[in-house]
Amino acid sequence: MTAEESKTIKNILIVVAMEAEAAPFVKHYGLKPIDNFFDSKAAPFAVFQGEHSESSSQITVVTNGKDSVYGTNVDNVGTAPASLVTFLALQKLPEIDIVLNAGTCGGFKRKGAEIGNVFITSGVANHDRRIPIPGFTEYGVGKIDCINAPKLMETNSDFKSGICTTSNSLDKTDEDDKHMTANDASVKDMEAAAIAWVCSLHQKPYLGIKVVTDIVDGDRPTQDEFMENLGAAAKSLQVALPKVLTHVCGKSISDL
């Protein structure tokens, strides 16, 4: 067991892409917005901090913020903002003990996913970085294992586990399908692999908590199903995330 694995978890960073995904949880814990958290005024990200009252652990939630570049004011989604906010947050808070990526996802019917299911990610990969050159192929897929949390899964029998595959598109192509199958993906999102990559750079443990909003291999258009279920998924995340926090706070990585 390494020193990092035996260290007590007291400082948690939670990375959430969309404001609607984070809002119920932020409200539930009474987290306070922190203005000018990042050194650069150009950073569009939102930051909330507070205490996990049951363990006195410190919680920092960061979201990708709103778009000001393209004039849309929609949530900044995708790998670029997710990796940047995670990198800056870990640079600002080197004391972070674990990074949790909480959010919504598409689920695969063939892997047993249903709307509203909570998945704890066992690993991540990319399905849209296709670089058919030796060495670059493996880099493009970018497989990274998440930390093991067997006791978390035992305590929460309704949680499911599986690999999360990432791309920068909400929809998918036939070629995406081939690579998502090759990745053995149970769920699909637009940020996880990028966040896990940054955690690897900083040597920080990473775990994803994903709630299914749409069925990737189903019959309905992804965007319709996603928008229809986003609110319910955010509420489901509000229930699931405190369970995860209660489990991890005050424990060591090896005890999860």
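The exercises below concern a predicted model of one protein chain, and each task is followed by a worked solution.

**Exercise 1. Overall build**

Find how many helices and strands there are in the protein chain, and work out why the chain can be called as compact as a globular protein of its length.

Solution. Begin with the secondary structure, which comprises eight helices and 10 strands. Next, take the radius of gyration, which is 17 Å, and set it beside the 18 Å that the globule rule gives for 256 residues; the two values are close, so the chain is as compact as a globular protein of that length. Finally, consider the extent of the C-alpha trace, which spans about 45 × 45 × 40 Å along its principal axes.

**Exercise 2. Inside and surface**

Determine what percentage of the 256 residues is buried, and describe the contacts, the exposed area and the charged side chains of the protein chain.

Solution. Start with burial: of the 256 residues, 51% are buried. Then turn to the contacts with a separation of 6 or more, of which 74% are made by residues 24 or more positions apart. For the surface, the chain exposes about 12100 Å², and 52% of this area is supplied by carbon and sulfur atoms. Lastly, count the charges: there are 24 positive and 33 negative side chains, and the centres of these two sets lie 3 Å apart.

**Exercise 3. Aromatic pairs**

Classify the ring pair of Phe-25 and Tyr-29 and that of Phe-38 and Phe-45 as stacked, tilted or edge-to-face.

Solution. The structure holds three aromatic pairs. In one of them, Phe-25 and Tyr-29 lie 4.9 Å apart from centre to centre with 55° between their planes, and the pair is tilted, because edge-to-face requires an angle over 60 degrees and stacked an angle under 30. Both partners belong to helix H2 (residues 19-29), where, being four residues apart, Phe-25 and Tyr-29 are separated by about one helical turn. As a general rule, an α-helix has 3.6 residues a turn, so residues three or four places apart point the same way. Phe-25 and Tyr-29 are also both buried.

For Phe-38 and Phe-45, the ring centres are 5.9 Å apart and the planes stand at 80°, so this pair is edge-to-face. Phe-38 and Phe-45 are both buried, and together with Phe-37 they form one aromatic cluster.

**Exercise 4. Helix H7 and the residue after it**

Identify which residues of helix H7 are buried, and state the sign of phi at the residue that follows H7.

Solution. Helix H7 covers residues 192-202, and its buried residues include Ala-192, Ala-193, Ala-194, Ile-195 and Ala-196, followed further along by Val-198 and Cys-199. Moving past the end of H7, one comes to Gln-203, whose phi is positive, near 55°.

Note on methods
Residues numbered from 1 in each chain as written. Predicted model: local features only at pLDDT ≥ 70, side-chain atom pairs only at ≥ 80, totals over all residues. Heavy atoms only, no water. Buried < 20%, exposed > 50% of the residue type's maximum accessible area, 1.4 Å probe, protein only. Helix = DSSP H or I, 4+ residues; strand = E, 2+ residues; numbered from the N terminus. Rg over C-alpha atoms; globule rule 2.2 N^0.38 Å. Contact = heavy atoms within 4.5 Å. Areas by Shrake-Rupley, 256 points an atom, 1.4 Å probe, with all protein chains shown as cover. Lys, Arg positive; Asp, Glu negative; His and termini not counted. Charge placed at Lys NZ, Arg CZ, Asp CG, Glu CD. Phe/Tyr/Trp six-rings, centres within 6.5 Å; stacked < 30°, edge-to-face > 60°.
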